[in-house]
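Reader: I'd like a close look at one part of this model rather than a quick tour of everything. Could you pick a spot, start from a single residue and work outwards from there?

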Amino acid sequence: MADKCDAKEYVANIIGRQHIIPTLGVWTRFDEINFDELPEKFVLKCTHDSGGIVICNDKDKFDKPAAKSKIEKSLKRNYYWAGREWPYKNIKPRIIAEKYLADAEDNQIADELRDYKFFCFHGKVRCFKIDFDRFTNHRANYYSTEKKLLKFGEKEFPPDFSKNLEIPPNINDMIRLAEKLSAGYPFIRVDLYDIAGQIYFGELTLYPACGFGAFIPPEWDLKLGEYLQLPANRSHKYFKCGDKK
């Protein structure tokens, strides 16, 4: 789930390959990349961390030395040590190139590619968030599955309740896919893209903000945590903390 290459196969087996962003190549070293074989627009990212991403929307203007510096720095980093998220610890560092996606054909601004992050508890979406103004004044609004703006947010990226964000018409299809991907797990965040009505898989996040993200107002931390409780007639396949087994 955490490996950005292997996760594609895992997800394709559950919801179908039509929801997978096309892969253009996978390498272990930056110098192995043949840029002549890549299209004019593409995305490079490291498969084992978060943040090791380079976006090219014009190959003639692509700063290859800067991209190499960023990617090679990411390849040397073990993301596990940043927040002790164990799934990252033993992922083999690789570089993956993907098809460039944009919300509109004339979009040249990387941060305008909007993803929808679904917070899933025991296979059911309880809310989703939309980030906006990522590179200026990063904020995020949360919504119910009925598309109603919820009056809470994150301390690090506070909400803007005056912001009118458009909800995709296929949001119910996105919720259905997120619930399929999260079935059987106490919590997982499923990130999806909507590109002209086509839904694409973004990533599966097991521990958003390493599990330390603060909500405002703080009582929402408890409200969301209550969704982790199982109904009395259900048991969980995972051991609880402190289980002697």
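Author: Let's start with His 122, which counts as buried at 15% relative accessibility; buried here is under 20% relative accessible area, exposed is over 50%, and partly exposed is anything in between, with a 1.4 Å probe and protein chains only. Before going on, a word on what you're looking at: this is a predicted model, in which local features need pLDDT of at least 70 and side-chain atom pairs count only at pLDDT 80 or more, while totals for chains, interfaces and linings use all residues. Residues are numbered from 1 along each chain as its sequence is written, and side-chain values use heavy atoms, with hydrogens and water left out.

So where does His 122 sit? In the loop between β5 and β6; strands (E, at least two residues) and helices (H or I, at least four) are DSSP runs, numbered from the N terminus. A polar atom of the His 122 side chain lies 2.6 Å from the backbone oxygen of Leu 228. Then there's Ile 188: 66 residues separate Ile 188 from His 122 in sequence, yet their C-alpha atoms are 8.5 Å apart in space.

Now follow the two strands that flank this loop. β5 and β6 pair in the antiparallel sense over six bridges, where pairing takes at least two DSSP bridges between two strands. If you want one rung to look at, Cys 120 has Val 125 in β6 as its bridge partner. On top of that, α4 packs on the sheet and touches β5, β6, β9 and β10, with its direction at about 145° to that of β9. Axes are lines fitted to C-alpha atoms, for helices over the stretch in contact, and angles run from 0 to 180 degrees between N-to-C directions.

Zoom out to the whole sheet: five strands, open, in the order β7-β6-β5-β9-β10, with antiparallel pairing. The edges are β7 and β10 (198-205), each pairing on one side only. From one strand to the next, the twist averages 30°. As a reminder, strands of a sheet pair through backbone hydrogen bonds, either parallel or antiparallel.

β5 also brings us to some charges. Lys 117 and Asp 191 meet through their side chains in a salt bridge, at 3.2 Å from N to O. Lys 117 belongs to strand β5 (residues 115-121) and Asp 191 to strand β9 (residues 187-195), so this pair ties together parts that are 74 residues apart in sequence. By salt bridge I mean a side-chain nitrogen of Lys or Arg within 4 Å of a carboxyl oxygen of Asp or Glu. Lys 117 is buried, with a relative accessible area of 7%, and Asp 191 is buried too, at 1%. The pair is part of a network of salt bridges that links Asp 115, Lys 117, Arg 134, Arg 189 and Asp 191. In the structure as a whole there are 14 salt bridges.

Walk along to the other end of β6 and you'll meet a second histidine, His 138, in the loop between β6 (124-132) and β7 (139-143). His 138 is buried, with a relative accessible area of 19%. Its side chain makes a polar contact, at 2.8 Å, with the side chain of Asp 131. A polar contact is a pair of N or O atoms within 3.5 Å; within protein, one must be able to donate a hydrogen and the other to accept it, and residues adjacent in sequence count only if both atoms are side-chain atoms. Leaving aside neighbours within four places in sequence, His 138 is in contact (heavy atoms within 4.5 Å) with Asp 131, Phe 132, Asp 133, Phe 157 and Pro 158.

How far should you trust the picture? The chain's mean pLDDT is 90, and 90% of its residues reach 70 or more; pLDDT is the predictor's confidence in each residue, from 0 to 100. Residues 105-111 are a weak spot, with pLDDT below 50 and 11 contacts in the model beyond near neighbours in sequence. Another stretch with pLDDT below 50 is 238-245, which has four such contacts. Where pLDDT is low, the predicted coordinates should not be read in detail.
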